[in-house]
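Student: I am new to this structure and would like a close look at one part of it, the aromatic rings. Please set that part in the context of the whole chain.

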Amino acid sequence: MELKKGRTIFDADGEKVGDISRVVLDPQTLDVSHVVVEKGFLFKEDHVVPAAAIKFSDDDGAYLDPTATADDFPPFEERTYLGFDPVSRGYAPAAEAPAMIFFPPVGSWGVPEYVGERTNVPAVVRNIPEGSVALEPGAEVRSADGEKLGDVAEVLTAGDTGHTTHLVIEEGMFFKHRKTIPMTWVASLTDDHVRLAVNADVVERVPEQS
């Protein structure tokens with residue numbers, strides 16, 4: 001199954017749930033645990049969908065298990081606003097989101113300053129497994145010897161399982177060149193960076209996709 005930005009997720013009745021915006025990988029096994037799905041048209045919101053909830057896929061998109069509904073999936077990021085307490089000089093949960101966010105609030109002498117109850121800062125919690133990586137579309141791919149090879153275009157899994165087999169990397173601005181490399185070549189990854197365990201000359205010998 002191909003997992004890439006913009007691939008559509010449908011429920012079991014064929015109704016569109018949203019489009020994939022990120023793929024969540026376990027950095028140890030490099031398997032896909034979840035996908036982040038963007039819902040909505042004007043007011044978009046990202047939700048986390050377990051890979052196990054995707055029953056099958058075809059050329060049109062991927063389909064959820066009949067027992068799963070769009071309402072089951074939590075938002076990708078949840079924000080709790082922390083208000084500055086002038087007594088303790090610290091931050092505590094605030095009931096309301098701010099009109100404007102200043103972090104840290106700084107006075108004219110560079111000292112944190114209490115400006116009002118609505119001067120708050122957001123604390124962001126991601127609803128994905130601890131330590132996992134929400135790989136961004138276009139994450140940079142570099143070889144073991146530090147050469148930039150391109151950007152992540154797709155993550156390929158075996159059938160409809162979460163077991164990843166390959167990355168598709170893309171390079172070039174106007175004339176795109178794509179190569180498929182095995183996940184066994186991946187040494188480490190973060191949200192926006194993939195480091196390979198092989199040097200650039202090894203990847204150069206991989207044939208380009210037609």
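Tutor: Of the 210 residues in the protein chain, 38% count as buried. The model is a predicted one. Its protein chain has one helix and 17 strands. Among contacts with a separation of 6 or more, 48% are between residues 24 or more positions apart. The surface that the protein chain exposes comes to about 12100 Å², and 52% of it is supplied by carbon and sulfur atoms.

Now to the rings. A search of the whole structure turns up two aromatic pairs. In one of them, the ring centres of Phe-10 and Tyr-63 are 5.2 Å apart and the planes meet at 20°; planes under 30 degrees apart count as stacked, so this pair is stacked. The pair links distant parts of the chain, since Phe-10 belongs to strand β2 (residues 8–10) and Tyr-63 to strand β7 (residues 62–64), 53 residues apart. Both Phe-10 and Tyr-63 are buried.

Tyr-63 also pairs with Phe-56. Here the distance is 4.9 Å centre to centre, with 10° between the planes, and this pair is stacked as well. Phe-10, Phe-56 and Tyr-63 therefore make up one aromatic cluster.

How buried or exposed are Phe-56 and Tyr-63? Tyr-63 has a relative accessible area of 15%; the cut-off for buried is under 20%, so Tyr-63 is buried. Phe-56 has a relative accessibility of 40%, which lies between that cut-off and the 50% above which a residue is exposed, so Phe-56 counts as partly exposed. The cluster thus joins two buried residues, Phe-10 and Tyr-63, with the partly exposed Phe-56.

A separate feature is the empty space inside the model. Rolling a probe the size of a water molecule over the atoms shows where such space is left. The search of the whole structure finds one cavity of 30 Å³ or more, and the volume of the largest cavity is about 90 Å³. Its lining consists of 15 residues, and those nearest the centre are Leu-3, Lys-4, Lys-5, Val-23 and Pro-137. Strands β3 (16–25) and β13 (148–157) each give at least two residues to this lining. By class, the lining holds eight nonpolar, two polar and five charged residues.

Notes: Residues are numbered from 1 along each chain as its sequence is written. This is a predicted model: local features need pLDDT of at least 70, side-chain atom pairs count only at pLDDT 80 or more; totals for chains, interfaces and linings use all residues. Side-chain values use heavy atoms; hydrogens and water are left out. Rings of Phe, Tyr and Trp (its six-membered ring) pair if their centres lie within 6.5 Å; planes under 30 degrees apart count as stacked, over 60 as edge-to-face and the rest as tilted. Helices (H or I, at least four residues) and strands (E, at least two) are DSSP runs, numbered from the N terminus. Buried means under 20% relative accessible area, exposed over 50%, partly exposed in between (1.4 Å probe, protein chains only). Contact means heavy atoms within 4.5 Å. Accessible areas come from the Shrake-Rupley method with a 1.4 Å probe; for residues, only the protein chains shown count as cover. On a 1 Å grid over the protein atoms alone, a cavity is a set of points where a 1.4 Å probe fits but cannot get out, and a pocket is an open set with protein on both sides within 12 Å along at least five of seven lines; lining residues have an atom within 4 Å of a point. Grid points are joined across faces, edges and corners, and a volume is the space filled by probe spheres set on the points. Ala, Val, Leu, Ile, Met, Phe, Trp, Tyr, Cys and Pro count as nonpolar, Asp, Glu, Lys and Arg as charged, and the others, Gly among them, as polar.
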